[in-house]
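User: I would like to learn how to read a few features of a protein model, taking each idea in general and then in a real case. Could you take me through one?

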Amino acid sequence: MFVSADEVTRSLRGTAGLIGRRPDALRHFDVSERGFWRSFGAIWLTAPAVTVALALERGAGAAPFQLDHVTVSVVAGLVAGFLAVPLAMIAILRRLDRRRAYVPFVVVTNWCLAAGLAVLALPGSLLLLDLATPGLAALDAAAFLVVLLWLHARAARAILGLPAPVAALVTLACFGLVAGMAGGAHALV
């Protein structure tokens, strides 16, 4: 599922607006039914992250793209990560009686996840190019992850109408779910 350049631009503008604490940031996202399904096309923005992950998995000097279990496990982990939150939030938002928030929450989560994974490819790239030590790359990745979690918590608070501590817990639960599903799919393959 491909998304248009205009939709990518608007969604990334919305993501940047969330980082900049702009009150109109959520209006940049297409929260229609069409926008919901197209937000899963944001997975294509993670191509740099997939390339870096494959290069790190295989080691220096090996071709990153080969049709084998390593490629399947990385791609399966990515897909599982993108499906985990939308599937879990069906039940959670029903229990919270916030069904109308489902589509905007999933759309913003998908775009934030794609943008975050694309940015998280930078520390891995620096490591692959020997421009960073493993410790520095891990520190950079942790800093980017904190910003990504903060961004998602802001979006969760605005969309779900939750107090900040509860929105932070929702974000941490979503992160745990994405990491667990991605790691589980990676381990199974």
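Analyst: What follows is a reading of helices, burial, backbone angles and salt bridges in this structure, which is a predicted model.

User: How many residues does helix α3 have, and what span should they give?

Analyst: The idea is to count 1.5 Å a residue and then to set the expected span beside the distance between the end C-alpha atoms. Helix α3 covers residues 47-58, and because its 12 residues should span 16 Å, the 16 Å between its end C-alpha atoms agrees with that expectation.

User: How does α4 compare with the span expected at 1.5 Å a residue, and where is its kink centred?

Analyst: The 27 residues of α4 reach 38 Å from the first C-alpha to the last, which is close to the expected 39 Å. In α4 there is also a kink of about 35°, and this kink is centred on Met-89.

User: Which residues of α3 are buried, and what covers them?

Analyst: Burial is judged from relative accessible area, with under 20% counting as buried and over 50% as exposed. In α3 the buried residues are Ala-49, Val-50, Val-52, Leu-54, Ala-55 and Arg-58, and what covers them includes α4 (69-95) and α5 (102-128).

User: Is Thr-171 buried or exposed, and what is it in contact with?

Analyst: Thr-171 belongs to helix α7, which runs over residues 164-188, and because its relative accessibility is 3%, Thr-171 counts as buried. Once its neighbours within four places in sequence are set aside, Thr-171 is in contact with Leu-149, His-152, Ala-153 and Ala-156.

User: Why would one look at the sign of phi in residues other than glycine?

Analyst: The sign deserves a look because most residues other than glycine have a negative phi. Here Arg-21, although not a glycine, has a positive phi of about 60°; Arg-21 sits in the loop between α1 (5-19) and α2 (33-39), and it counts as exposed because its relative accessibility is 54%. Asp-130 is likewise not a glycine and has a positive phi of about 60°; Asp-130 lies in the loop between α5 and α6 (134-160), and at 67% relative accessibility it counts as exposed.

User: Which residues with positive phi follow α3 and α4?

Analyst: After α3 comes Gly-59, with a positive phi near 95°, while α4 is followed by Asp-97, with a positive phi near 55°.

User: How many salt bridges does a search of the whole structure find, and which parts of the chain does the pair of Arg-38 and Glu-7 link?

Analyst: In reading a salt bridge, one can take the distance between the nitrogen and the oxygen, then the places of the two partners, and then their burial. The search of the whole structure finds seven salt bridges, and in one of them the side chains of Arg-38 and Glu-7 meet at 2.8 Å, N to O. This pair links distant parts of the chain, with Arg-38 in helix α2 and Glu-7 in helix α1, 31 residues apart. Arg-38 counts as buried because its relative accessibility is 18%, and Glu-7 counts as buried because its value is 2%.

User: Are Asp-97 and Arg-99 buried or exposed, and which residues are joined into one network by salt bridges that share partners?

Analyst: The side chains of Asp-97 and Arg-99 meet in a salt bridge at 3.3 Å, N to O, and Asp-97 and Arg-99 are exposed. Salt bridges that share partners join Arg-22, Asp-24 and Arg-27 into one network, within which Arg-27 forms a salt bridge with Asp-24, their closest N and O atoms being 3.8 Å apart. Arg-27 is exposed, with a relative accessible area of 69%.

Terms used. Residues are numbered from 1 along each chain as its sequence is written. This is a predicted model: local features need pLDDT of at least 70, side-chain atom pairs count only at pLDDT 80 or more; totals for chains, interfaces and linings use all residues. Side-chain values use heavy atoms; hydrogens and water are left out. Helices (H or I, at least four residues) and strands (E, at least two) are DSSP runs, numbered from the N terminus. The expected span of a helix is 1.5 Å times one less than its number of residues. Buried means under 20% relative accessible area, exposed over 50%, partly exposed in between (1.4 Å probe, protein chains only). Contact means heavy atoms within 4.5 Å. The bend at a residue is the angle between axes fitted to the seven residues ending there and the seven starting there. A salt bridge is a side-chain nitrogen of Lys or Arg within 4 Å of a carboxyl oxygen of Asp or Glu.
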